[in-house]
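These are my notebook entries from looking through one structure. I worked from the whole chain down to single residues.

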Amino acid sequence: MTALVPLPVVMPLLGAALTLMLARRPNAQRVVSLTVLGAGLLVAAALLVLTSLHGPLVVEVGGWTAPLGIVLVADKFAALMLVVSAAVTLAVLVYSIGQGLADGDEETPLSVYHPTYLVLTAGVTTAFLSGDLFNLYVGFEILLVSSYVLLTLGGTENRIRAGTTYVVVSLLSSIIFLTAIGLVYAATGTLNLAQLAGRLDVLPENLRLMLQGMLLLAFGVKAAIFPLSAWLPDSYPTAPAPVTAVFAGLLTKVGVYAIIRTETLLFPGGRTGGLLLAAALLTMLVGILGAIAQSDIKRLLSFTLVSHIGYMLFGVGLTTVLGLAAAIFYVVHHILIQTTLFLAVGLVERHGGSTVLDRLGGLARVSPLLGVLFLVPALNLAGIPPFSGFLGKTGLLQAGAAQGHPMAWALVAGGLLTSLLTLYAVARVWNLAFWRAPRAEREGGDVGDSGDGGGRSSVVTLPSLMVTSTAALVVLGVGLTAVAGPLFDLSGAIAGDLLDRVPYVRAVFPGGAP
């Protein structure tokens, strides 16, 4: 069973090498990438089943026993994240292939895109499976280096400028993370997470809080938590649609995953719970207020992405099983829904010629399918019942009410307000881009020449692969409602194991951590 654990990391790396050698054979690159990510989804699903039945699975890389060597640990939390990330990366790859075939690969040059995309996938899976802090850092660096390339595909002025901001912020975050790693090793003599779970507990309180604060600062930048989130709305919207989608869906959630893992395993007890709750409230409100001020759909969704990170942080800050379970449920929901929305907006841009609301209109009339592909995940994001967004937020609000202290009640009120403002933001997009009359009709032009908002011909055919992959994610997002009960039960079991810490530590050190 443990032989499956390294495969989510090894397969994308081998696939990246193979697609690089096949740079002059784009069809072969597509086949290799689809095969690797499809196999990765199957392996992730198998790991989720195995960890649910048998507990965490551990692999000691190179045969070096912990804590001397690197360990990869697949528990239920890591396996669940692997499944969701594999589904999203596969759907986005299909979307990007459809876009490349339709556009002649101008936006996503195949010789560069496929190897880099697979390396990005390997970085994400490495972060999820890492059993020590330094390997977690390596996972972040792998995905960040590949994201630099993907963000600047095409080499336009806007993308280079946004990529420069992204690089500077990411390097600063990495420096903070690496410094924290050095200080942790100096204080404890180890970087193995299971061993740190015991050794950090005996450190002086001030030293422990400093180390915790540095790690939170590094992960807070990566997760785009306010006030460390200003870089995101300026960076993500400039990239090609599939790149923006996978960035929005996955990369910030890797930061959230790291926060959950380290806060529960290394720093239990809720010592920074108040700080996390305050950051969650500010992230919610500042993000959504930024969203409703936007006139471009991509920037609007980027601000909602920041805002809804606050919901996840809300659950973590409560430090209860119910709060953490709701946060994990919400992470799964948000990965799927945010990715779907950015893919749908890519179709909007293709159909309407723009994502600026003033230039759009009448899209629901011209393309009802496109209207459905946007409206369903938009309502899900806003938390309209019976969608999974409503269920996740309900769980978080219940957890906050059960906690009962004033800050928790403030988060309950902030969560409700944020949900209402999210509904306002997406309803505004729907009214302006889809529901009102087309731009040419509003301006008194020849309606027969312009059936969409951007002034293009009314006959616009959307590539079938792009539509199919977006529709598949819409169905998956709606399907979360059907499996909400089992998924919430699984999230509760994961939360219990995370707060207990014993299953993780015993899996890595059956005889007890040295």
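The entries below begin with the overall fold and then go place by place.

**Entry 1: the model and its make-up**

I noted at the outset that this is a predicted model. I then looked up the secondary structure and found 21 helices and two strands in the chain. The radius of gyration is 22 Å, close to the 24 Å that the globule rule gives for 514 residues, so the chain is as compact as a globular protein of that length. For the extent of the C-alpha trace I wrote down about 75 × 60 × 40 Å along the principal axes.

**Entry 2: burial, contacts, surface and charge**

I looked up burial next: 60% of the 514 residues of the chain count as buried. For contacts I considered pairs at least 6 apart in sequence, and 80% of these join residues at least 24 apart. The exposed area of the chain is about 17900 Å², and carbon and sulfur atoms supply 68% of that area. On charge, I have 25 positive and 24 negative charges, and their mean positions are 1 Å apart.

**Entry 3: the two strands**

I turned to strands β1 and β2. Strand β1 covers residues 57-60 and runs antiparallel to β2, with four bridges joining the two. In this pairing, E60 stands opposite V71 of β2. Which residues cover the faces of β2? On one side of strand β2 (residues 71-74) I found V71 and V73, on the other L72 and A74, and all of these are buried.

**Entry 4: H333**

I placed H333 in helix α13, which takes in residues 321-352. Is H333 buried or exposed? Its relative accessibility is 0%, so H333 counts as buried; the cut-off for that is under 20%. I then listed its contacts, leaving aside neighbours within four places in sequence, and they are N380, S388, G389 and L480. One of these, S388, falls at the start of helix α16, given as 388-403.

**Entry 5: cis peptide bonds**

I checked the backbone for unusual geometry, bearing in mind that most peptide bonds are trans and that most residues other than glycine have a negative phi. Where are cis bonds found? A cis peptide bond joins F226 and P227, with omega about 5°. P227 sits in the loop between α8 (205-223) and α9 (232-235). Another cis bond joins P385 and P386, with omega about 10°. I found P386 in the loop between α15 (368-382) and α16 (388-403).

**Entry 6: positive phi**

T319 is not a glycine, yet its phi is positive, at about 55°. T319 belongs to the loop between α12 (297-318) and α13. With a relative accessible area of 39%, T319 is partly exposed. R501 is also a residue other than glycine with a positive phi, near 70°. I placed R501 in the loop between α20 (484-500) and α21 (502-508). How much of R501 is accessible? The relative accessible area is 17%, which means that R501 is buried, the limit being under 20%.

**Entry 7: P406, T461 and V483**

I looked up three places together with a partner for each. P406 lies in helix α17, residues 406-435. The relative accessibility of P406 is 69%, and P406 therefore counts as exposed, since the cut-off is over 50%. From P406 to L47 I read 40 Å in space, C-alpha to C-alpha, with their positions 359 residues apart in sequence.

T461 is in the loop between α18 (439-442) and α19 (464-482). At 68% relative accessibility, T461 counts as exposed. Taken C-alpha to C-alpha, T461 and T51 are 44 Å apart, and in sequence they are 410 residues apart.

V483 is in the loop between α19 and α20. Its relative accessibility is 40%, and V483 counts as partly exposed. How far is V483 from E157 in space? The C-alpha to C-alpha distance is 44 Å, and the two are 326 residues apart in sequence.

Conventions:
Residues numbered from 1 in each chain as written. Predicted model: local features only at pLDDT ≥ 70, side-chain atom pairs only at ≥ 80, totals over all residues. Heavy atoms only, no water. Rg over C-alpha atoms; globule rule 2.2 N^0.38 Å. Buried < 20%, exposed > 50% of the residue type's maximum accessible area, 1.4 Å probe, protein only. Contact = heavy atoms within 4.5 Å. Areas by Shrake-Rupley, 256 points an atom, 1.4 Å probe, with all protein chains shown as cover. Lys, Arg positive; Asp, Glu negative; His and termini not counted. Charge placed at Lys NZ, Arg CZ, Asp CG, Glu CD. Pairing = 2+ DSSP bridges.
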